[in-house]
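Good morning, colleagues. Please take a moment with the sequence and the structure on the screen before we go through the fold together.

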Amino acid sequence: MPSYPGSCFCHNITYNLSLSSPDDARTSLCHCGSCKKAFGTNYGLTAKVPKDSPHITAGKPREYAGDNGSGSMIHREFCGDCGSFICEYGDAVKNDFRYICVGSLDDPEVLPPKGEFFCQSRVGWMPEIPDVFHKKLIKE
Ligand SMILES: [Zn+2]
Ligand SMILES: [Zn+2]
């Protein structure tokens, strides 16, 4: 079973992501306003994985939960010491999936993106990623 280690910047939090196959992860960019704020960049990059795939091996992430704009709650987990963003999930999928921040993997190259969401909010200077799906919002 492939296993991918990750950590926050200060290494107080470490985790292991275990997947039966790399295809069990769906990495995507998201250009929505909520991701821009949470990641502090012009897009978010997460890998959607089954809920029990990530396993924290050291430390305990802090959680912030807030309204994601549509009345649904989003939960964001980050290191309380260095602030690295580790993981997020919405209430609707909390029993099924986690969205791992790909930059927190020790080797972010292992899970390349399969698509882009909220392309209508892409900043003007950023080109499309070739050969992946592109959704204006979430579904279309
Ligand atoms: Zn840290
Ligand atoms: Zn987003």
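Which residue in β9 does C87 stand opposite? The residue facing C87 across that pairing is I100 in β9. I should say at once that we are looking at a predicted model. The pairing I just mentioned belongs to strand β8, residues 85–90, and strand β9, residues 97–101; they run antiparallel and are joined by two bridges.

Let me now step back to the whole chain. The protein has one helix and eleven strands. Following the sequence, the pattern reads β-β-β-α-β-β-β-β-β-β-β-β. As to overall dimensions, the C-alpha trace spans about 40 × 30 × 30 Å along its principal axes. Is that in keeping with a compact globule, or at odds with a compact globule? For 140 residues, a compact globule would have a radius of gyration near 14 Å, and the protein has 14 Å, so the two agree. Of the 140 residues, 32% count as buried. Among contacts with a separation of 6 or more, 51% are between residues 24 or more positions apart.

I turn to the sheet. Eight strands make up an open sheet, and their order is β6-β7-β8-β9-β4-β3-β10-β11, with mixed pairing. At its edges are β6, residues 62–67, and β11, residues 133–134, each of which pairs on one side only. As a general reminder, strands of a sheet pair through backbone hydrogen bonds, in either a parallel or an antiparallel sense.

Strand β3, residues 26–30, deserves some attention. With strand β4, residues 44–50, β3 pairs in the antiparallel sense over five bridges. With strand β10, residues 113–117, β3 pairs in the parallel sense over four bridges. T27 illustrates both pairings: T27 stands opposite A47 in β4, and T27 also stands opposite P113 in β10. Why is β3 described as largely enclosed by the rest of the structure? The reason is that four of its five residues are buried.

Continuing outward, β10 pairs with β11 in the parallel sense, over two bridges. Here E116 stands opposite H134 in β11.

One loop position is also worth examining. D81 lies in the loop between β7, residues 73–78, and β8. Because 14 other C-beta atoms lie within 10 Å, a count between the limits of 12 for exposed and 20 for buried, D81 is classed as partly exposed. Which residues does D81 contact, leaving aside its neighbours within four places in sequence? They are C10 and N12. In addition, the C-alpha atoms of D81 and I13 are separated by 9.4 Å, although the two residues are 68 apart along the chain.

Finally, a word on annotation. An unreviewed UniProt entry places the feature "domain: CENP-V/GFA" at residues 4–119. In this model, that span is 6% helix and 47% strand, and its end C-alpha atoms lie 28 Å apart.

To close, I would return to the sheet: eight strands in an open arrangement with mixed pairing, including β3, which is largely enclosed by the rest of the structure. Thank you for your attention.

Note on methods. Residues are numbered from 1 along each chain as its sequence is written. Chains are lettered from A and ligands numbered from 1 in the order in which they are written. This is a predicted model: local features need pLDDT of at least 70, side-chain atom pairs count only at pLDDT 80 or more; totals for chains, interfaces and linings use all residues. Two strands pair if DSSP finds at least two bridges between them. Two residues are in contact if their C-beta atoms, placed from the backbone, lie within 7 Å. The radius of gyration is taken over C-alpha atoms; the globule rule is 2.2 Å times the number of residues to the power 0.38. UniProt positions are given in the numbering used here, feature names are shortened, and annotations may be inferred rather than shown by experiment.
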